[in-house]
Amino acid sequence: MTPVKDPTTFNSEIYYNDVLIGDSKYGEELRNALSDIIKEGHVQLSYSQVWTVLTHADQDTSNEKNVIQLYTGASVAKNSNPNGWNREHVWSSSHGLGDKNDGRWGYTDAHHLRPSKPNVNSTRSNYDFGECGDNGKDQADKGAVGNCLDTTKGVWEPRDGVKGDVARMMFYMDTRYQGKEDGGTPNLELIDRVTTSDDESRKFGTLCTLYKWHSADPVDSIEQNRNNEVYKYQGNRNPFIDRPELVRDVYGAQCNDDPNPGLEVEGDIAVPPSVKEGKAYTLDASKIKAGKDDTLTYKWEQIVGEKKTVVGDKATLSLTAPKVKADQTLSFVLTISNGTLDTTKTVNLKVMNVPLNLNVAFSGNTDIKEGEKTSITATVTDAPEGVTYSWKQISGQTATHTANGLKLDVTSPTVNIDQVLVFQLTATVDGESVNKTVSIKVKNMEEAGWTKPKSSGSLGGLIALLLPLVWVRRRQS
């Protein structure tokens with residue numbers, strides 16, 4: 001196989017830079033950050049290529065023609081597979097990896113595939129890892145002294161010399177595969193109990209036993225060399241071999257070994273149920289208490305997306321709600337410290353949008369004749385700062401008009417009949433608008449010199465009916 005990476009140039013500080021600089025990460029946040037790092041550059045291997053990689057990664061340092069079996073520790077010829085050794089999925093394939101035809105990257109990930117004696121591999125099957133009880137049976141009869149199977153508890157316990165190796169492989173798989181991609185490999189999850197038939201198949205136990213094994217069996221040069229060889233052909237690394245201290249940072253809190261213990265406090269933060277935009281509010285943490293002699297300090301941060309802005313350093317935080325276009329929830333993180341330990345509390349506050357509603361009165365002549373001019377002035381009560389105004393005609397025959405702020409000048413058009421012109425005043429502030437309308441009645445004026453005819457019999461009545469039609473035609477010609 002052609003190498004894809006050169007382990008002689010590997011630099012741990014550069015490779016893990018994203019988790020080594022800046023604020024310390026712990027738990028799930030660190031696990032997710034490591035997952036992003038170790039999936040970068042990962043080259044998917046075929047199942048047949050795994051054979052070749054294992055002949056390099058698990059080569060016997062005393063005999064380059066042999067590989068070392070995981071559970072027995074025996075050295076067997078490389079070319080004796082599959083009878084002398086086969087591939088053990090340390091994270092059993094039935095726990096979310098499928099089979100070689102499913103195309104899931106985890107199935108052929110060399111970081112958890114190890115040479116194994118076939119009958120020992122078969123006996124281990126897909127049991128969770130854990131410590132045997134009184135019913136456990138040592139596997140000496142299969143040539144695997146020190147390995148134990150307890151079918152009552154449903155666990156397999158490997159020999160002491162590889163317990164840490166097994167743990168770090170399992171931590172790698174739990175971290176590497178988050179269910180985001182990789183041909184359907186699900187989000188693999190270590191849990192602190194033996195799995196049952198009712199569990200999702202992607203889960204595996206037992207987390208805190210593996211955590212203890214990691215501490216009891218530290219990383220050695222053989223494991224480091226194996227990490228380099230897998231990196232050479234697969235392109236990514238096991239971070240828990242390169243940086244064993246990260247195991248505590250990721251999993252310690254789940255196994256009563258919290259790397260970042262928090263301050264224990266009592267009491268809650270008083271938060272109003274909601275606040276209207278533009279109004280003052282207070283978040284009060286003064287009732288939160290720690291130890292009897294503890295002097296507490298406070299740091300309030302407002303979260304906007306993923307960005308935090310420091311907004312206070314007292315037990316109480318008094319602010320003014322921002323203007324919002326719609327109801328919005330603000331989130332705050334309060335860090336409380338006694339100088340040695342600290343803890344954080346998160347609170348949410350709903351800011352309610354208050355629809356813009358202005359009291360507007362119009363003055364000016366709104367009853368005019370055609371061709372006349374008028375000025376309309378709007379008076380706004382309690383107008384907010386920064387409001388702007390605009391006018392437009394929204395109905396009636398088009399009239400000539402100009403506007404300046406709250407004042408509207410209108411020249412009425414010539415009209416055939418009396419009609420109403422409607423003008424709209426729009427007030428805008430902080431992206432919100434409110435509209436108010438004023439109506440101007442325009443009176444049609446009859447042409448001078450026209451006199452209503454007198455009625456005189458039927459002919460006179462006919463003439464009386466026809467004259468308005470003639471007059472209208474003359475008006476429209």
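## What covers helix 4?

What covers the buried residues of helix 4? In this predicted model, the cover includes strand 1, strand 2, strand 4 (86–89), strand 5 (113–116) and helix 8 (221–234). Helix 4 itself spans residues 47–57, and its buried residues are Tyr 47, Val 50, Trp 51, Val 53, Leu 54, Thr 55 and Ala 57. As you look at that list, it may help to recall a general point: an α-helix has 3.6 residues a turn, so residues three or four places apart point the same way.

## The sheet of strands 1, 2 and 3

Two of the strands that cover helix 4, strand 1 and strand 2, lead us to a small topic of their own. Three strands form an open sheet, ordered 1-2-3, with antiparallel pairing. Strand 1 (59–60) and strand 3 (75–77) are at the edges; each has a single partner strand, so one side of each has no neighbour in the sheet.

Strand 2 covers residues 63–68, and three bridges pair it with strand 3 in the antiparallel sense. To find your place in this pairing, look for Val 67, whose bridge partner in strand 3 is Val 76.

## Helix 6 against helix 7

Now let us turn to a pair of helices. Helix 6 (residues 163–176) and helix 7 (residues 207–216) have axes that come within 8 Å and cross at roughly 130 degrees. That angle makes helix 6 oblique to helix 7, and the crossing is left-handed.

On the helix 6 side, the contact is made by Lys 163, Gly 164, Val 166, Ala 167, Arg 168, Met 170 and Phe 171; these meet Leu 207, Leu 210, Tyr 211, Trp 213 and His 214 in helix 7. Sorted by class, this contact has eight nonpolar, two polar and two charged residues.

## Strand 24 and its partners

Which residues of strand 24 are buried? Along this strand (residues 407–411) the side chains alternate: Leu 408 and Val 410 point to one face and are buried, whereas Lys 407, Asp 409 and Thr 411 point to the other face and are not.

Strand 24 runs antiparallel to strand 21 (residues 373–381), joined to it by five bridges, and Thr 374 stands opposite the buried Val 410. Five bridges also join strand 24 to strand 23 (residues 400–404), again antiparallel. Here Thr 402 stands opposite Asp 409. Strands 23 and 24 form a hairpin with two residues between them, and Gly 405 in the turn has a positive phi of about 65 degrees.

Methods
Residues are numbered from 1 along each chain as its sequence is written. This is a predicted model: local features need pLDDT of at least 70, side-chain atom pairs count only at pLDDT 80 or more; totals for chains, interfaces and linings use all residues. Side-chain values use heavy atoms; hydrogens and water are left out. Axes are lines fitted to C-alpha atoms, for helices over the stretch in contact, and angles run from 0 to 180 degrees between N-to-C directions. Helices (H or I, at least four residues) and strands (E, at least two) are DSSP runs, numbered from the N terminus. Angles under 35 degrees count as roughly parallel, over 145 as roughly antiparallel, 65 to 115 as roughly perpendicular and the rest as oblique. A crossing is left-handed if the near helix is turned anticlockwise from the far one by less than a right angle, and right-handed if clockwise. Contact means heavy atoms within 4.5 Å. Ala, Val, Leu, Ile, Met, Phe, Trp, Tyr, Cys and Pro count as nonpolar, Asp, Glu, Lys and Arg as charged, and the others, Gly among them, as polar. Buried means under 20% relative accessible area, exposed over 50%, partly exposed in between (1.4 Å probe, protein chains only). Two strands pair if DSSP finds at least two bridges between them.
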